[in-house]
Amino acid sequence: MKFRSWIYFIGEAFKSVFRNGWMSFASVGVVTVTLLILGVFMIINYNVEHITEEMRSQVEIAVWLEGDLEDNEVDDIRRELIKTDGVEKVKFVSKDEGLDRMKEQMGEQVVQGYYEDPEKNPLPNMFEVSTLEPEAVPQVAEKIQQYSEVEMVDYGEEVVETLFQVTDVVQYIAFILMIALALTATFLIANTIKLTVYARSEEIKIMRLVGATNWFIRWPFLLEGLLLGFLGSAIPVLLLRYGYVNLMQWLYDNTAFFTTGFLDLQQPEAIFENMDITLIALGTTLGAIGSISSLRKFLKV
């Protein structure tokens with residue numbers, strides 16, 4: 001195809017966008033609104049996944065040791081724990097360190113007297129064990145419980161299993177809703193682009209009757225669809241970036257859940273690294289598909 005033909009097609013596409021101003025505005029508006037809603041839900045889904053993974057990664061196994069173990073026996077258990085399948089990290093917590101933690105968490109009155117006479121300290125030496133996969137915690141705890149020097153293991157079995165079940169359900173529901181919203185967005189965008197083509201059906205028929213080839217007619221509409229889709233997807237990308245960064249800053253400055261570090265949101269770079277490309281590719285592709293599919297009916301004259 002000749003270069004001047006491409007110049008003509010691109011020029012016609014831009015002329016058509018401005019000549020059919022209201023329909024172009026409607027198409028861009030629908031693309032913007034639907035992709036904005038889809039983008040908001042994608043951001044929510046990213047953060048649900050991030051928060052649930054953070055909660056899962058904090059699950060640890062507390063391994064309480066028998067009280068009369070020598071230092072070399074404690075070192076032997078440490079080596080056994082490190083070699084256990086599924087274990088990522090092992091941290092030793094002495095009974096003195098455990099007392100300091102209790103004081104910090106429950107107040108000085110609770111530990112009164114124990115510091116003056118360390119022999120009265122009722123806490124055992126223990127290990128805190130992290131696993132490579134949070135879901136492996138119950139299996140790893142069961143293995144560790146079988147070691148003869150271990151008095152007890154604890155990982156909050158009921159709480160952890162409930163947490164895993166709830167986070168699995170939340171992620172499943174979020175994924176289903178995001179797919180449903182993406183399909184809805186696809187339907188709305190494609191049909192709005194079709195309306196712009198239907199509104200110009202007479203123009204297409206006349207071009208067809210005077211001998212224009214199918215692709216000579218198609219290219220301006222295809223480029224117009226790409227342009228409308230790109231504009232409609234670029235706007236929500238900019239709004240989502242600006243809105244998320246500012247909302248995140250406001251939450252960390254004014255909300256106790258975030259200022260104390262109890263909850264942590266996903267960083268903008270991690271979210272928008274792929275989401276920008278996804279939304280723009282989705283918008284431009286749907287714009288092109290909507291234009292091409294709508295033209296088939298009129299090219300059969």
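Q: How much space lies in the largest pocket?

A: Rolling a probe the size of a water molecule over the atoms shows where empty space is left. In this predicted model, the largest pocket holds about 360 Å³ of space. Its lining comprises 13 residues, and those closest to the pocket centre are Trp64, Gly98, Arg101, Gln105 and Met126.

Q: Which elements give two or more residues to the lining of the largest pocket?

A: Three elements do so: strand S1 (61-65), helix H4 (95-106) and strand S3 (126-131). Helix H4 provides the largest share, with five residues.

Q: How many nonpolar, polar and charged residues does the lining of the largest pocket have?

A: A lining may be read by the class of its residues. For the largest pocket there are eight nonpolar residues, two polar ones and three charged ones.

Q: What volume does the second largest pocket have, and which residues line it?

A: The volume of the second largest pocket is about 190 Å³. Its lining consists of Val40, Ile43, Ile44, Asn47, Leu239, Leu240, Gly243, Tyr244, Leu247, Leu251, Phe258 and Leu265. At least two of the lining residues come from helix H2 (21-57), and at least two from helix H8 (214-254). Helix H8 gives the largest share, six residues. By class, the lining of this second pocket has 10 nonpolar and two polar residues, and no charged residues.

Q: Where does UniProt list a "transmembrane region"?

A: Such an annotation comes from a record, and it can be set beside the model. The unreviewed UniProt entry lists residues 21-44, 172-198, 219-244 and 277-295 under this heading. In the model, residues 21-44 are 100% helix and 0% strand, and the C-alpha atoms at the two ends lie 34 Å apart. Residues 277-295 are likewise 100% helix and 0% strand, with 27 Å between the end C-alpha atoms.

Q: Into which domains is the chain divided?

A: A domain may be built from more than one stretch of the chain, as domain 1 shows with residues 3-56 and 162-299. Domain 2 covers residues 60-155. The centres of the two domains, taken over C-alpha atoms, are separated by 52 Å.

Q: Which residues of the largest nonpolar core touch the most other members?

A: A core is read through the contacts among its members. The largest nonpolar core has 23 residues, and Ile61, Val63, Leu65, Leu81, Phe127, Val129 and Ile144 touch the most other members. Two or more residues come from each of S1, helix H3 (71-83), strand S2 (87-93), S3, helix H5 (137-145), strand S4 (150-154) and helix H6 (157-198). Helix H5 gives the most, with four residues.

Q: Why does Lys89 count as exposed or buried?

A: The class follows from the relative accessibility, with exposed meaning over 50%. Lys89 has 52% relative accessibility and therefore counts as exposed. Its place is in strand S2. Lys89 and Val129 are 40 residues apart in sequence, while their C-alpha atoms are 5.8 Å apart in space.

Q: Where does Phe92 lie, and how does its accessibility class arise?

A: Phe92 also belongs to strand S2. Between 20% and 50%, a residue is classed as partly exposed. Phe92 is at 26% relative accessibility, so this residue counts as partly exposed.

Q: What distance separates the C-alpha atoms of Phe92 and Ile292?

A: Separation along the chain and separation in space are two distinct readings. Phe92 and Ile292 are 200 residues apart along the chain, and 66 Å separate their C-alpha atoms.

Note on methods:
Residues numbered from 1 in each chain as written. Predicted model: local features only at pLDDT ≥ 70, side-chain atom pairs only at ≥ 80, totals over all residues. Heavy atoms only, no water. UniProt positions renumbered as here; feature names shortened; annotations may be inferred. Domains from an automatic or database assignment. 1 Å grid on protein atoms, 1.4 Å probe; cavity = no way out; pocket = protein on both sides within 12 Å on 5 of 7 lines; lining within 4 Å. Points joined across faces, edges and corners; volume = space filled by probe spheres on them. Nonpolar A, V, L, I, M, F, W, Y, C, P; charged D, E, K, R; others polar. Core = buried A, V, L, I, M, F, W, Y, C linked by side-chain atoms within 4.5 Å. Buried < 20%, exposed > 50% of the residue type's maximum accessible area, 1.4 Å probe, protein only.
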